[in-house]
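This briefing is meant to be read alongside the sequence and the 3D view. Please keep both open while working through the points below.

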Amino acid sequence: MARIELEIYTPGYKPTGHEVAIIETSRGTVRAELFGREAPVTVGNFIELAAKGFYDNLKFHARKPGSVVLGGCPTTRTMGPAQVLAAAQGAIRGMHPGTGDARYTIIDEWEDNPRNAHRLGSLCMAHKSAPNSGSCQFYFSLGEQPEFDDKYTVFGQVTEGIEVIEQLAIGDAIRAIAIEGTDGEALAAAIARETPRPPTPQEALAAIERERAERAAAQAAAAKAAVEAAEVAE
């Protein structure tokens, strides 16, 4: 079956530039200033997901000491801490923390972002190897890492709770994320919109079958036209 391409989503919520994220984890509370003016798409997407409860009960599924601690993958929602750790180590077949998304992607915003510098406590959007492939997974930078500045979008900075992010481990939970400073009416309208979704396997298969039928019909028509042309020539 052909690979399903996710649509690029533009959030309906336009940040005010004054939003602050309060991230409740099983290790404690983290407050982070959000860079709504510098990275409006990334921040708008993060705020919409938080307002929908998307991040509730997700787990941190990867940690590299001195580098990053990563969370926000929906595949971890129903997994316990021990399961996340075991799955991250490849010990549970069929469970792959870090592969989930919000069923769409967003654009990168590191290139024109004047605050795109990885420091201790930077809040950043994770993505796959392809451009514009970020979605919902985020990470905290655990130190200065300028080599990441032209690869990943920095969309916030921890202002309280640095000691919490330094203690976060694989399996620790994101209990909830609340956002202060939003335009409440605009946010309510934004999260009421439908977001893009990829086709189901059945829809994807049906599309492939339609393409095959259209190609076969075109080939048959071309063959018929060739026969008719040959008959006229004779």
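Which residue in E2 does Ile22 stand opposite? Ile22 stands opposite Arg31 in E2, and that pairing is a convenient way into the strand arrangement. The model is a predicted one, and the points below deal in turn with its strands, its nonpolar cores, its salt bridges, a buried acidic residue and a loop proline.

**Strand pairing**

- E1 and E2 run antiparallel to each other and pair over six bridges, and the hairpin that joins E1 to E2 passes through two residues.
- Strand E1, which covers residues 20–25, also pairs with strand E8, residues 173–180, in the antiparallel sense and over six bridges; within this pairing, Val20 has Glu180 in E8 as its bridge partner.
- E8 is further joined to strand E3 (residues 58–64) by two bridges, the two strands running antiparallel, and here Leu58 is placed opposite Ile174 of E8.
- E2 is joined to E7 by four bridges, again with the strands antiparallel, and Glu33 has Gln157 in E7 as its bridge partner.
- As general background to reading such pairings, side chains in a regular strand alternate between the two faces of the sheet.

**Nonpolar cores**

- The largest nonpolar core contains 38 residues, and those with the most contacts inside it are Leu34, Phe46, Tyr55, Phe138, Phe140, Phe155 and Ile177.
- Helix H1, residues 40–51, supplies the largest share of this core, namely six residues.
- A second core, separate from the largest one, is made up of seven residues, among them Phe35, Cys124, Ala126 and Val154.
- In soluble globular proteins, nonpolar side chains generally tend to be buried together.

**Salt bridges**

- Six salt bridges are found when the whole structure is searched; in general, side chains of opposite charge can pair when their charged atoms come close.
- Asp172 and Arg27 form a salt bridge in which the closest N and O atoms are 2.6 Å apart. This pair links distant parts of the chain, 145 residues apart, with Asp172 in the loop between helix H3 (162–167) and E8 and Arg27 in the loop between E1 and strand E2 (28–34).
- The two partners of that bridge fall into separate classes of accessibility: Asp172 counts as buried because its relative accessibility is 11%, whereas Arg27, at 41% relative accessibility, counts as partly exposed.
- Glu33 forms a salt bridge with Arg115, with 3.3 Å between the closest N and O atoms. This pair, too, links distant parts of the chain, Glu33 being in strand E2 and Arg115 in the loop between helix H2 (81–88) and strand E5 (122–125), 82 residues apart.
- In this pair, Glu33 counts as partly exposed because its relative accessibility is 30%, and Arg115 likewise counts as partly exposed, at 32%.
- The side chains of Lys151 and Asp150 also meet in a salt bridge, at 3.4 Å from N to O; Lys151 counts as partly exposed at 42% relative accessibility, and Asp150 counts as partly exposed at 43%.
- Arg31, Glu160 and Glu180 are linked in a network of salt bridges; of these residues, Arg31 was named above as standing opposite Ile22, and Glu180 as the bridge partner of Val20.

**A buried acidic residue**

- Glu109, in the loop between H2 and E5, is buried yet has no salt bridge, and the nearest side chain of opposite charge, that of Lys14, is 9.4 Å away. A salt bridge requires a side-chain nitrogen within 4 Å of a carboxyl oxygen, so the 9.4 Å separation from Lys14 is beyond that limit.
- The side chain of Glu109 does make a polar contact of 2.7 Å with the side chain of Thr42.
- Once neighbours within four places in sequence are left aside, the residues in contact with Glu109 are Ala39, Pro40, Val41, Thr42, Asn116 and Thr153.

**A loop proline**

- Pro146 lies in the loop between strand E6 (138–141) and strand E7 (153–160), and Pro146 counts as exposed because its relative accessibility is 55%, with the threshold for exposed being over 50%.
- Pro146 and Asp101 are separated by 45 residues in sequence, and the C-alpha to C-alpha distance between them is 26 Å.

Terms used. Residues are numbered from 1 along each chain as its sequence is written. This is a predicted model: local features need pLDDT of at least 70, side-chain atom pairs count only at pLDDT 80 or more; totals for chains, interfaces and linings use all residues. Side-chain values use heavy atoms; hydrogens and water are left out. Two strands pair if DSSP finds at least two bridges between them. A nonpolar core is a set of buried Ala, Val, Leu, Ile, Met, Phe, Trp, Tyr and Cys residues joined through side-chain atoms within 4.5 Å. Buried means under 20% relative accessible area, exposed over 50%, partly exposed in between (1.4 Å probe, protein chains only). Lys and Arg count as positive and Asp and Glu as negative; His and the chain ends are not counted. A polar contact is a pair of N or O atoms within 3.5 Å; within protein, one must be able to donate a hydrogen and the other to accept it, and residues adjacent in sequence count only if both atoms are side-chain atoms. Contact means heavy atoms within 4.5 Å.
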